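Colleague: Got a minute? I'd like to go through this complex with you, interfaces before anything else.

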Amino acid sequence: MNDLLLTGLLMLIKLGMILAVLLTMAAYLVLAERKLLARMQRRYGPNRVGFGGMLQPLADLIKLLTKEDFLPAQADKWLFLLAPGLAAVTALLAFAVVPFAPPLELFGRQLPMVVCDLNVGILYFFGLSSLAVYGVALGGWASNSKYALLGALRAMGQMLSYELAMGLSIVPVILMARSFSLTEIVQAQASLPFALTNPLAFGIFFIAALAESKRTPFDLPEAENELVAGFHTEYSGMRFGLFFVGEYLNLVVLGAIITSLFLGGWHGPLLPPIIWFLGKVLAVAFVFIWIRGTLPRLRYDQLMAFGWKALLPLALVNLLATGGILLWLGGAS
Amino acid sequence: MPTLIIDNQSVTVPEGTNVLEAAQQLGIVVPHFCYHEALGAVGACRVCAMLFIDGPVKGMQMSCMVEAKDGMVVSTEAPEAVAYRSQVIEWLMLNHPHDCPVCDEGGECQLQDMTVASGHSVRRYSGKKRTYQNQDLGPFIAHEMNRCIQCYRCVRTYQDYCGGTDYGVLGANQRLYFGRFRDGPLESPFAGNLVDICPTGVLTNKPYRFTSRFWDLQEALSVCPHCSLGCAVIPGARFRELQRVRAGVNPEVNGWFICDRGRFGYDYVNHPDRPRTPLLHGEELPWSEALEALQQRLSELIDRHGSDSIALLGSGRASLESNYLLRRLGEQLGTAAPVYGSHAARDRAARAVTDLAAKLSASLAEVRSSDLLLVMGADPLAEGPMLALAIRQAVRNGGRVMLCDPRPVELPCSAEHLPCQPQELPQLLRILAAGENLPANLQPLADALQQAKRPVLIGGSDLLGAEGSAALLAAAQKLNSAERPCRTMILLPETNSFGAALLAGDGPDFDQLLNDMDSGRIKALLCLEADPLTDCPDRKRLLQGLEQLEFLAVLDHLPSLTAKKADLLLPTTAVAEGAGTLVNNEGRMQAFAQVFSPGEPLRFTGQGGHPPRNFSSTTPGALPCQAWAVLAELCGLPVNLAEIRRELAAKEPRLAGLPELSAEGPGQRVLPGNGASSSVPPAVATADESLQLLVCETLYGSEPLSALSAPLDPVCPHPYVLLQELDAARLGIAADDLVQLTAGGQQLALPARLSSRMAEGLVIVPRLRGTELESFYPGQPPLPCRVEKVSTP
Amino acid sequence: MNLWRDIKGTFQPFWITLRYLFKRPVTISYPEQKRTLPPRYRARMILTRDPDGEERCVACHLCSAACPVDCISMQAAERADGRRHAAWFRINFARCIYCGLCAEACPTLAIQMSSEYELGNRDLLKLVWEKEDLLVDHGGKDPDYHFYRHTGIGVVAPRGGNNDELPPVDIKTNLP
């Protein structure tokens, strides 16, 4: 009984910490992105609220919370209200399977540094990332606005196309790690991260992840110069804020997944594993931001052509090659 | 029908058309100053030059001076023609001052348009500019002679078209001067047309001076409400104020011009005392409550005294639609049919005219092309000024005018005047209708009628009365034949008298209403834009009747006497503030469009300075509603003018075509009536020996709307009494003597005027609103009166 | 297809943005730092006066006609000497887009643009300026121009009394 209580307590503390860290990271990633983009464009970025703009996320939160929560007259009310929550919650849930450090010895028991070490963690992640598109699609459809609908359609088309390549690019990783569990995949990279052993899979997954997160150069669903704001055109106040939070949570989660799948997770010399993990996640996030500051948006047909004609065949070839090599190596070992 | 080619486009035009008009038919914009549709071409300004490439004439020609002929090939865009025109513009601009910013014509100036179009922008000539002294041309026209380009349009309009004699061209050479012999007000009642006609800013609208720019005005096609002719006008409003009226174009009615009463009589719309909020016993209340109060009071009275206790009063001032909806309201409440018109005799006369087979009635265009005009008891300048102008055009075309009238009727053209007593007029018409021989003194008239090919009989309903009008119609019917069409035109007292009378049909008239009020049966009266207290000749009886009423409701936009006495006053809109239909005296339905929404003029709310500095979502004084909309609301009908028109056309077969009516176009005649009342009325006993008082209308001051218009104040006559010279000599009265007039139980001291051209035994006074003469009423049989000299000035 | 060029074109910008990341921003932090305006900078409009010190504005409505956002309104009036002037002249700076079309349209050079651009305000009514607020006591960039000396309608000079005018003609003479 006491044991169960303690486990539960530890679990709650862990959950609370993860939630706090994740949300703070998401909030400060917004600031970091704005600052970094500004500096890449030789501006200052937000620098009015707090020292060097450090309180900007708080100010944004207050602003979003106090803004009118606008519901378009012809909108589908319940779907419209549900969609932003869906976008944010799926991103949060996906983090459940990400191991961010080796298990900790605490009070004489093994505490896994992962919310839930599913043995099919990868599949869980894919399931949730497919669900995330519902937030966008339903939000865009429920707004009853042509811009929002166009944005939602683009989002769906884009996600369908890239999910395939993304899934195929992971199969070699699973083959190499011989497990669906993320913890075991991370363990399999103790010596050498998969990014080095299978760089093509890493590249495909990275590009597909960019497309999944709807960021430049794949930000067609919210292309502001064509579609006003795409799927969230009609959203305001904290509902818009939820979409926003979801987007940056997604950034963190994708960073964590990329770290776990290809960059060796928490493994690294000298520094404690949690620092290595966070550092790698932030590095991935920086690269995402860097790409946004550098590359222009693709045209929709280019995006589709690239997904189906380049990434998908490449991923297939990579799968065959990796499988062949593994068979050959496996045969040898 | 010659066919010619202009700018590579082929056009076929009627014989006699000039090339300029042919080009305009093709939609080609041809610059021109001296040419005008109403005035014709004189070839003075030289800017309509075109290059004639092939055909009977060749070379550079003024297109307005060349008649279109078969085989002509003309170019307006040939480089020579373009250069020629721009050089002419440059010459015209040599002496034109550099003052467009302070010129009222700016924005609607033909010279400005043509100059910009020709590309002239820099004055290359370095010599000095010619200047002139200006003249004071009275209260309507501002003069700025420096801007003149010598196109002669003003002289051709004023002297030739309007028959004015006191304005013309003076000087010679480079010193041509368009003005009067000396300073002074222009005498012609059509002088305002100079404003429209002048292609630059020489002659501009003085009351409108420095008020607005053309492009800032809200304008719409409308109908003039100041007499029964229904001329097309284009009122212009800005800052919630009706600021000016310019002539519209209706070739069937007024042509291109309007009279000064119509042009400067607009200010009643901006009258500071105008009712602007619903008032119940003097207390302001919102519309919804006002309508509720009205409905509640009416149903209460119906419950208590029966539906007979409610009387409805329409008028010739209200539009056809609102008059119809009043009748419709009566049907819903179960009351008697509405009375249309507060002056029973005028109402009866209008109904007699309405009965006429409308194909007999003449439009002003037909008057202009007639060759004999018989004016019987009508004073066109007072009762329908544009008719006088139409008569003048007939005379210019070789027509002949004969006047039978007890009054010294003035016309802007030559006319043969045959003075007669008022009661002789119906007699005369009866003789004509019966085809009998006219008395010897009227032999010239009989001869003229014999020779005329297109005679028009013109009458005034005030002097003729119902019997006279019917006799006039009967006479026209008698004289009309297939080979010699004879038409009639009868002037009615109000702008929509025809429409109101048509709706009245066989309904009760105001005398019956007075009887019912006397008997105490009427408990409530609802007046639609009617002012019985000013218009009903029997004011004493009416006042007694009003005392007995329990409820008096008035819908009106004028600060009238009746409105002041009303228990419930509902403010309505003036013609320019709403849409609707008016039927003019020839039975022509004319729709008018809304020019602007009602509201208290900014001039008042800002007190001359800048407008108040505050935010408000309500417009001050914007409460007046269109009368038809109020009545539709009361009837529970949808507030939709098109639907009401459809319903009205279905109910009144004579108004077929009403639903298709638009404010554009010349309007549409109502269908002919059955002409039932053309039975010849019995003779009236001749009057006795004593002096008879005849009350008549005047150009300014009699018509209720323009009498409230400030720009007309300077020209409103002062009260006077007009005597025949022989009568005056008998009574020892000289011109300008103060005399005492005793008539109808009243004694007034008035200055005397004398005339030799009026009938003997008559005393004439004008009915001037807002003066002591308001208590005399036109449209009544002459009153016995006494005139005594009081003093010499 | 030049693959090398495409690859270079894709990755070279990353180097540029990375370099810029460490460069000093060029932003001028406005309320603290103010830039020096060019001498003929055109911000809000003013109403200038003619050499006699009278208002140049004749309320011709050309500025309000030219204004693309309809922020100018006025009422013309006539003074006893026949001079046309603005009874009131109002501009709503909350609507004004500072395009300068009014100054371009002004035929009397009354409207000119001044370099005052700091008009921000939280009370919209304070952004509605009247003639009195706009009038300055100088002639702006063309101090010698006097509209009524060129109009030829005799307001400041007797009729025909301006430099480029002949005296009024005598219409009663017969001489050629």
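Modeller: Sure. One term up front: buried area is the accessible area, with a 1.4 Å probe, that two parts lose on being put together, summed over both. And keep in mind that this is a predicted model.

Colleague: Fine. How much area is buried between chain B and chain C?

Modeller: About 3500 Å². Carbon and sulfur atoms give 57% of that area.

Colleague: Which residues of chain B lose the most area to chain C?

Modeller: B:Arg175, B:Phe210 and B:Arg613. Together they make up 21% of what the chain B side buries.

Colleague: And how many residues are in contact there?

Modeller: 38 residues of chain B are in contact with 45 residues of chain C.

Colleague: How many salt bridges across chain B and chain C?

Modeller: Four salt bridges. In one, C:Arg159 pairs with B:Glu144, at 2.7 Å from N to O. There are also 20 residue pairs in polar contact, both residues at pLDDT 80 or more.

Colleague: Which element of chain B gives the most to that side?

Modeller: Strand β6, residues 129–131 of chain B, with three residues. By class, the chain B side that touches chain C has 13 nonpolar, twelve polar and 13 charged residues.

Colleague: Switching partners. What does chain A bury with chain C?

Modeller: About 1500 Å² between them, with 64% of it on carbon and sulfur atoms. A:Arg42, A:Tyr44 and A:Trp290 supply 45% of the area that chain A buries against chain C. That is more than any other three residues.

Colleague: How many residues are in contact between chain A and chain C?

Modeller: 13 residues of chain A and 15 residues of chain C.

Colleague: Which residues form the salt bridge between chain A and chain C?

Modeller: C:Glu32 and A:Arg48, with the closest N and O atoms 3.0 Å apart. The count for this pair of chains is one salt bridge. Polar contacts come to seven residue pairs, both residues at pLDDT 80 or more.

Colleague: Which elements of chain A give two or more residues to that side?

Modeller: α1 (2–40) and α11 (273–294) of chain A. α11(A) gives the most, with five residues. The chain A side that touches chain C divides into seven nonpolar, two polar and four charged residues.

Colleague: What about chain A and chain B, how far apart are their closest C-alpha atoms?

Modeller: 23 Å, and no contact joins the two chains. That leaves two pairs of chains in contact, and chains B and C share the most contacts.

Colleague: On to the folds. How many helices and strands in chain A?

Modeller: Twelve helices and two strands. Along the sequence, the pattern is α-α-α-β-β-α-α-α-α-α-α-α-α-α. The C-alpha trace of chain A spans about 65 × 55 × 45 Å along its principal axes.

Colleague: And what is the radius of gyration of chain A?

Modeller: 21 Å, which agrees with the value near 20 Å for a compact globule of 333 residues.

Colleague: How many helices and strands in chain B?

Modeller: 24 helices and 35 strands. The radius of gyration of chain B is 28 Å, close to the 28 Å the globule rule gives for 793 residues, so chain B is as compact as a globular protein of that length. Its C-alpha atoms fill a box of roughly 85 × 75 × 60 Å along the principal axes.

Colleague: Where do the domains of chain B fall?

Modeller: Domain 1 is 3–79, domain 2 is 126–270 and domain 4 is 350–492. Domain 3 comes in pieces, 308–344 + 499–607 + 620–663, and domain 5 is 692–791. The C-alpha centres of domain 1 and domain 3 of chain B lie 51 Å apart.

Conventions:
Residues numbered from 1 in each chain as written. Chains lettered and ligands numbered in written order. Predicted model: local features only at pLDDT ≥ 70, side-chain atom pairs only at ≥ 80, totals over all residues. Heavy atoms only, no water. Domains from an automatic or database assignment. Contact = heavy atoms within 4.5 Å. Salt bridge = Lys/Arg side-chain N within 4 Å of Asp/Glu carboxyl O. Polar contact = N/O pair within 3.5 Å; in protein donor to acceptor, adjacent residues only side chain to side chain. Helix = DSSP H or I, 4+ residues; strand = E, 2+ residues; numbered from the N terminus. Nonpolar A, V, L, I, M, F, W, Y, C, P; charged D, E, K, R; others polar. Rg over C-alpha atoms; globule rule 2.2 N^0.38 Å.
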